[in-house]
Amino acid sequence: MAEPNTNRMAVRRPSVAEALDALFDPSTIAVVGASRTKGKLGQAVLALLKSNGYRGKIIPVNPSGGEIEGLAAARSLEEIDGPIDVVVLATPVGVALDALETCTRLDVKVVVGVTSGFSEAGEDGHNNEMRLRRIMQDAPFRLVGPNCEGVVRPASDLQLTFSPMFNGLRPGPVAMISQSGALGGLMALRLGERGVGINAIVSSGNETDLTAADLLEYLGNDPQTRVVLCYVEELRDGRRFAEAAQRLTRAGKHVVAVKGGRSRAGSRAVESHTGAMAGDDRVISAVFRETGVFRARESVAAVDAVTALAAGRRPAGNRVGIISVTGGLGVEMTDLAESAGFEVPVLDEATQTALSRYVPFYGSVSNPVDLTGVVLANPTYVGRCLEAVAADPGVDIAIAIITFVPDQQFIEALAEAFDSTGKPILIVWTGSARSNASGEALRERAVPVYDSPARAASGLSALAATTGEVA
Amino acid sequence: MTPRETLENWQRAGRKVVHEADSKDLLQQIGIPVPKRDPAEGRCVAKLCHDDYPHKSDHGLVRLGLSPQEANQAATEMAERFVGGTALIEEMEEGSVAEWIIGCKRDDTFGPIVLAGPGGILVELIDAAEIRLAPAGPQTAEAMVNSGPGARLLAGLRGAEPADKGALADLISRISVFFAENADLISEIEINPVMVRADGKGLAAADALIVLAPKANEQENLT
């Protein structure tokens with residue numbers, strides 16, 4: 001084999017890890033398509049990057065130069081001195097491809113292609129797609145997207161996206177990979193509202209270069225990551241994705257996945273039964289189960305699952321203790337828990353005795369525990385009862401159900417109960433919008449809080465999967 | 001000739017669906033038990049195997065419960081009607097307690113997979129089949145015979161004798177390894193049914209089919 005030509009500047013494609021290391025903690029970011037015009041993608045990217053507090057160097061790139069968002073703009077990428085960690089492409093497709101070609105001559109580690117108009121655009125995008133692939137064939141950098149919503153890393157105050165759905169996230173244990181930007185936004189916003197911390201979010205778009213499997217491997221290996229949430233429509237390297245997922249779940253981490261897109265069942269099997277029996281959707285479910293991936297049926301159920309897993313507590317078994325300020329919600333939670341395969345056993349006698357100090361004669365101290373509205377008289381009672389149920393040796397998971405909350409102390413007591421135990425605790429709070437209390441103490445601790453028993457049951461199922469057949 | 005060379009020869013000869021008799025020869029080479037051939041006594045089954053007619057019973061190419069002499073006669077008669085076929089006379093499997101299907105194919109997303117579940121007429125209960133990535137190691141194969149509704153059938157429903165799950169798991173693992181190693185040449189293998197005998201007594205592949213992958217140059221033309 002011939003020796004590579006080393007006379008010229010070293011032209012080497014960075015590894016996935018090198019590229020993503022640079023992407024998630026960049027010192028220099030160039031935004032191609034940065035603009036003063038409100039409503040343009042490039043304007044939004046630049047504005048969000050600034051307003052979310054990114055402290056590295058931002059260089060707007062715009063042919064008219066001057067100053068944009070208070071930053072000195074370069075007229076072209078070539079005008080920029082020195083290495084650029086990340087180039088964001090937020091222009092119409094023709095300009096974006098020209099800029100991408102320019103990047104091959106510069107010292108760039110990774111390009112984030114927000115621009116659309118490639119393979120997803122059918123016939124019209126075909127030529128663009130061909131040119132894109134030609135450029136990427138021996139490009140000395142890696143590409144996220146194109147046709148993606150960008151990248152978010154709260155710990156680096158990094159907000160490389162035009163979408164405000166990712167604003168205000170706190171750092172934490174959840175990594176997200178989404179082939180759909182909008183579904184990524186939906187899930188991020190809801191996780192953020194619950195106080196679930198985010199390690200990184202990558203909208204992977206068309207995955208021309210970096211795929212969901214690459215990202216899963218990288219983000220999963222990050223010690224900060226406890227749960228990886230994936231929205232995928234087409235797994236281009238499914239085998240590698242499955243193998244990466246299996247390594248993570250064996251290491252005690254969690255992968256929650258939503259598979260979008262219609263399944264084609266047994267389309268080509270004529271000679272055998274095997275093809276008909278192993279239709280795409282059944283194979284996906286089977287392989288996810290085998291590799292320890294929790295398959296959620298849609299994005300909100302995935303958020304509910306991740307919320308439970310992000311708290312980082314594994315149940316020792318499937319016995320659930322339920323306390324509720326109302327009988328009805330306790331009954332519904334019990335029904336849902338039992339149909340998801342959990343037991344709601346009679347509580348230990350000592351627990352019942354402890355509870356009977358708070359519960360009036362018309363309540364119930366067995367399980368589900370009906371505290372009745374009387375407990376609202378003292379703001380710490382529900383917290384004390386939750387502590388008692390969580391301490392019961394016959395309970396693996398405790399659930400507290402509350403409706404409207406009269407004052408703040410009530411929530412603080414629940415947070416204390418959460419701190420008093422290592423067992424998973426879920427809270428169903430049906431009336432947070434009608435309460436004179438902030439949930440901040442719960443969000444701070446990433447206590448899983450749900451607005452209905454059904455959504456808590458989605459979280460419960462994810463916890464069950466962690467005790468299932470996965471070794 | 002190694003099993004792989006056999007597969008290559010078949011592919012070179014332009015075969016697509018490899019009939020039961022040849023498929024079983026190959027399976028036997030990789031350690032999968034098949035029924036005894038050309039027995040001198042006992043009840044027999046006579047079949048005419050032909051690449052063009054994989055669904056034998058649809059064409060009257062399976063005769064059950066014959067004496068060895070009757071089987072010979074039936075085979076000769078079927079061979080005259082379907083030129084180019086191979087006659088197969090085997091001992092009838094009568095001591096089995098469960099019929100299972102084992103299949104391997106290449107999935108578009110995940111590559112080689114293996115499937116195992118209740119076979120014969122129960123194949124239509126599609127949700128009962130267990131699917132895993134291939135190759136499936138011994139532990140995975142063991143999990144496959146111990147999971148899902150099929151596991152209860154194998155354990156013996158309502159006092160029925162438990163089936164030889166160990167032999168079944170061994171077959172699953174064996175065939176999935178063979179398939180994964182040769183998935184460039186094979187697009188599907190199916191054994192349906194495997195007659196599983198009572199625990200400790202083994203099993204036999206009563207019917208089998210190998211579907212070869214198109215040759216490399218033909219695969220290009222497909223896309």
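**Helices, sheets and domains: a quick Q&A**

Me: What kind of crossing does H5(A) make as it passes H10(A)?
Reply: Bear in mind that we're looking at a predicted model. In chain A, H5 covers residues 181-193 and H10 covers residues 299-310. When H5(A) passes H10(A), the crossing is right-handed.

Me: And are H5(A) and H10(A) parallel, perpendicular or oblique to each other?
Reply: Start with the angle: their axes come within 10 Å and cross at roughly 40°. Angles under 35 degrees would count as roughly parallel, and 65 to 115 as roughly perpendicular. The crossing angle fits neither of those, so H5(A) and H10(A) are oblique.

Me: How many nonpolar residues are there in the contact of H5(A) with H10(A)?
Reply: On the H5(A) side you'll find A:Leu183, A:Leu186, A:Met187, A:Arg190 and A:Leu191, and they meet A:Ser299, A:Ala302, A:Val303, A:Val306 and A:Thr307 in H10(A). Sorted by class, this contact has one charged residue and two polar ones, and its nonpolar residues number seven.

Me: Which domain of chain A runs from 163 to 310?
Reply: Chain A is split into domain 1 (16-147), domain 2 (163-310) and domain 3 (320-456). Match the bounds and you land on domain 2.

Me: Which element gives the most to the side of domain 2 of chain A that touches domain 3 of chain A?
Reply: The centres of these two domains, taken over C-alpha atoms, lie 31 Å apart. Their contact takes nine residues from domain 2 of chain A and 10 residues from domain 3 of chain A. With four residues, the element that gives the most on the domain 2 side is H10(A).

Me: Which strands are at the edges of the sheet S2-S1-S5-S6-S7 in chain A?
Reply: Here five strands make an open sheet with parallel pairing, and reading the order S2-S1-S5-S6-S7 shows you who sits where. An edge strand of this sheet pairs on one side only, and that picks out S2 (57-61) and S7 (142-144) of chain A.

Me: What is the average angle by which neighbouring strands of the sheet S2-S1-S5-S6-S7 are turned against each other?
Reply: We're still with the open, parallel sheet that has the order S2-S1-S5-S6-S7 in chain A. If you ignore direction, its neighbouring strands are turned against each other by an average of 20°.

Me: Which residue in S2(A) stands opposite A:Ile29?
Reply: Zoom in on strand S1 (residues 28-32) of chain A, which runs parallel to S2(A) and is joined to it by five bridges. Across from A:Ile29, the residue in S2(A) is A:Ile58.

Me: Which helix packs on that sheet, touching S1, S2 and S5 of chain A?
Reply: The direction of this helix makes about 155° with that of S1(A). The helix covers residues 41-51 of chain A, and its name is H2.

Me: What is the order of the open sheet with edge strands S16 and S19 of chain A?
Reply: This one is an open sheet of five strands, and the pairing is parallel. S16 (369-370) and S19 (449-450) of chain A are its edge strands, each pairing on one side only. From edge to edge, the order is S16-S15-S17-S18-S19.

Me: Which residue in S16(A) is opposite A:Ile323?
Reply: Strand S15 (residues 320-324) of chain A and S16(A) run parallel, joined by two bridges. Opposite A:Ile323 in S16(A) stands A:Val369.

Me: At what angle to S18(A) does H16(A) run?
Reply: H16 takes in residues 453-465 of chain A and lies across S17, S18 and S19. Relative to S18(A), H16(A) runs at about 165°.

Me: How many nonpolar residues are in the contact of H11(A) with H16(A)?
Reply: The axes of H11 (residues 327-339) of chain A and H16(A) come within 9 Å and cross at roughly 35°, and the crossing is right-handed. Among the residues that meet are A:Leu336 in H11(A) and A:Leu460 in H16(A). By class, the contact has one charged residue and no polar ones, leaving the nonpolar count at nine.

Me: Which helix gives the most to the side of chain A that touches chain B?
Reply: In total, 18 residues of chain A are in contact with 23 residues of chain B. Elements giving two or more residues on the chain A side are H7 (238-250), H8 (273-277) and H9 (280-291). The one that gives the most, with seven residues, is H9(A).

Me: How far apart are the centres of domain 1 and domain 2 of chain B?
Reply: Chain B's domain assignment gives domain 1 as 36-92 and domain 2 as 96-218. Taken over C-alpha atoms, the centres of domain 1 and domain 2 of chain B are separated by 25 Å.

Technical notes:
Residues are numbered from 1 along each chain as its sequence is written. Chains are lettered from A and ligands numbered from 1 in the order in which they are written. This is a predicted model: local features need pLDDT of at least 70, side-chain atom pairs count only at pLDDT 80 or more; totals for chains, interfaces and linings use all residues. Two strands pair if DSSP finds at least two bridges between them. Axes are lines fitted to C-alpha atoms, for helices over the stretch in contact, and angles run from 0 to 180 degrees between N-to-C directions. Two residues are in contact if their C-beta atoms, placed from the backbone, lie within 7 Å. Angles under 35 degrees count as roughly parallel, over 145 as roughly antiparallel, 65 to 115 as roughly perpendicular and the rest as oblique. A crossing is left-handed if the near helix is turned anticlockwise from the far one by less than a right angle, and right-handed if clockwise. Ala, Val, Leu, Ile, Met, Phe, Trp, Tyr, Cys and Pro count as nonpolar, Asp, Glu, Lys and Arg as charged, and the others, Gly among them, as polar. Domain bounds come from an automatic or database domain assignment.
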